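Please work through the following exercises with the sequence and the coordinates at hand. Each task is followed by a solution that proceeds step by step.

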Amino acid sequence: MSRPLADDALDDAVLRVGAGDRTAFDTVYDAVVPKVRQLVGRWVGEGPDRDDATQRAMIAVFENAHRYRPEVGRALPWILAVAGWEARTVLRRRGRLREAALPEVSICPEPSPERRASEHELSRALDDVIGTLSPADQEAVLAALERTPRPEVSPATFRKRLQRALARLQAAWESSHG
Amino acid sequence: MDELRASVRRAYERARIRQALPWAVPGLLLAGLGALANGPSVLPVGVVLTLSLVVMHWLGNGWDAGLRLGLQLGAVSFLALSGWALVFGACGSTCSSRCELFCLAVGAGAGASLARVAWIGETKQATGATWLTAWSAGLACLPLGWSGLVMVLVVVGVSSPVIVGASLRRA
């Protein structure tokens with residue numbers, strides 16, 4: 001049965017589980033399993049795959065609870081990242097992971113109109129800055145964003161081009177937006 | 001859902017054991033050194049020490065906080081006493097009083113350090129470290145006979161009342 005937990009309480013419970021406090025096990029389990037199941041379900045769909053991926057994800061979360069560090073961030077995103085990774089592993093093993101972009105998954109409610117507007121502004125600003133880059137840099141960045149096909153070069157060459165392009169993108173962003 | 005919870009719990013405990021196993025290495029090292037210095041009769045003491053290290057880390061929840069301190073104090077006690085035996089020869093009836101005094105001094109020093117840790121509130125850490133210190137020092141002390149036992153008892157004796165008192169104070 002899920003019990004809603006405040007972020008701080010969940011962070012504390014995960015830390016305690018990682019340190020060996022067994023009394024916190026059920027607290028973390030009950031708070032987290034519905035969210036993990038929902039996230040995993042979006043990746044792998046319904047059916048036995050979802051149960052399998054949920055089990056793998058929950059096991060991975062608790063096996064690695066000792067690695068959680070609150071200074072890095074909140075426990076829930078960390079847990080969902082672990083769960084997402086396990087879901088991808090299940091997909092990959094079943095040969096269903098395609099080259100196309102993976103679905104965006106979010107367990108948050110629909111964004112507000114204000115949030116949507118600011119995201120739109122941000123996206124436009126990013127497009128403007130990308131437009132100031134050289135053609136080669138634009139090609140690398142847009143391919144990384146999966147808006148255009150990847151150029152016909154080796155993965156190592158593409159990685160180097162992307163690294164340089166991202167550095168120039170960051171510099172361009174900082175000079176135009178502070 | 002219960003089956004899922006049970007399997008996750010089992011995986012969690014297995015992971016904790018896997019994380020605890022490397023702590024057997026310092027225990028085995030000390031046991032090996034103890035056997036080299038004092039003969040195989042100390043091996044049961046080494047086994048208890050090694051198992052204690054692994055179990056305390058597996059338990060976690062504050063019990064693992066005493067691992068480093070216990071090993072440090074225990075290793076110092078073991079090396080000091082083994083060094084003493086090396087320099088002055090194995091203690092026989094002619095030097096038993098010196099051995100006892102030396103064991104008392106080392107034990108009292110270790111016990112006082114642990115008592116201080118217990119006094120500032122870390123009772124689980126102090127209890128775990130006392131246990132480990134006693135068994136580590138026992139690797140060198142027990143072959144010395146009664147003086148060895150005296151040392152172990154002093155370590156426990158000096159720190160235990162403080163540990164108990166600190167626990168009662170916080171209860």
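**Exercise 1.** Establish what share of the contacts in chain A between residues at least 6 apart in sequence join residues at least 24 apart, and set the result beside the fold and surface of each chain.

Solution. In this predicted model, 60% of the contacts in chain A between residues at least 6 apart join residues at least 24 apart, and for chain B, under the same separation of at least 6, the share is 76%. The next step is the secondary structure: chain A has seven helices and zero strands, and chain B likewise comes to seven helices and zero strands. Turning to burial, 35% of the 178 residues of chain A count as buried, while for chain B the figure is 46% of 171 residues. Finally, chain A has an accessible surface of about 11,000 Å², with 53% supplied by carbon and sulfur atoms, whereas chain B exposes about 8,500 Å², of which 71% belongs to carbon and sulfur atoms.

**Exercise 2.** Describe the contact between chain B and chain A, beginning with the area that is buried and ending with a salt bridge.

Solution. The size of an interface is often given as the accessible area lost when the parts come together. Here chain B and chain A bury about 1,600 Å² between them, and 54% of that area lies on carbon and sulfur atoms. On the side of chain B, the residues that lose the most area to chain A are B:Arg5, B:Val8 and B:Tyr12, which together account for 38% of what that side buries. Counted by residues, the contact draws 17 from chain B and 19 from chain A. As for charged pairs, the rule finds four salt bridges across the interface; B:Glu13 forms a salt bridge with A:Arg22, with the closest N and O atoms 2.8 Å apart.

**Exercise 3.** Which residues touch the most other members of the largest nonpolar core, and which elements give two or more residues to this core?

Solution. The core holds 38 residues, of which A:Tyr29, A:Val36, A:Val44, A:Met58, A:Phe62 and B:Val8 touch the most other members. Two or more residues each come from α1 (7-18), α2 (25-44), α3 (48-63) and α4 (75-93) of chain A, and also from α1 (2-20) of chain B. The largest share, eleven residues, is given by α2(A). Leaving aside residues up to four places away in sequence, B:Val8 touches A:Phe25, A:Tyr29, A:Met58, A:Ile59 and A:Phe62. Apart from this core lies another, of 32 residues, including B:Trp23, B:Leu30, B:Leu73 and B:Val117.

**Exercise 4.** Locate B:Asn61 and B:Leu142 in chain B, and decide whether each is buried, partly exposed or exposed.

Solution. B:Asn61 lies in the loop between α3 (43-59) and α4 (67-88) of chain B. Most residues other than glycine have a negative phi, but phi of B:Asn61 is positive, near 55 degrees. Because the relative accessibility of B:Asn61 is 33%, and the class between buried and exposed runs from 20% to 50%, B:Asn61 counts as partly exposed.

B:Leu142 is placed in the loop between α6 (123-141) and α7 (146-170) of chain B. With a relative accessible area of 32%, B:Leu142 is also partly exposed. As a last step, B:Leu142 joins B:Leu149 and B:Leu153 in a nonpolar patch on the surface, and the three together have about 260 Å² of accessible area.

Methods. Residues are numbered from 1 along each chain as its sequence is written. Chains are lettered from A and ligands numbered from 1 in the order in which they are written. This is a predicted model: local features need pLDDT of at least 70, side-chain atom pairs count only at pLDDT 80 or more; totals for chains, interfaces and linings use all residues. Side-chain values use heavy atoms; hydrogens and water are left out. Patches are made of residues with over 30% relative accessible area and no salt bridge: like charges are joined within 9 Å, nonpolar side chains (Val, Leu, Ile, Met, Phe, Trp, Tyr) within 5 Å. Accessible areas come from the Shrake-Rupley method with a 1.4 Å probe; for residues, only the protein chains shown count as cover. A salt bridge is a side-chain nitrogen of Lys or Arg within 4 Å of a carboxyl oxygen of Asp or Glu. Helices (H or I, at least four residues) and strands (E, at least two) are DSSP runs, numbered from the N terminus. Buried means under 20% relative accessible area, exposed over 50%, partly exposed in between (1.4 Å probe, protein chains only). A nonpolar core is a set of buried Ala, Val, Leu, Ile, Met, Phe, Trp, Tyr and Cys residues joined through side-chain atoms within 4.5 Å. Contact means heavy atoms within 4.5 Å. Buried area is the accessible area (1.4 Å probe) that two parts lose on being put together, summed over both.
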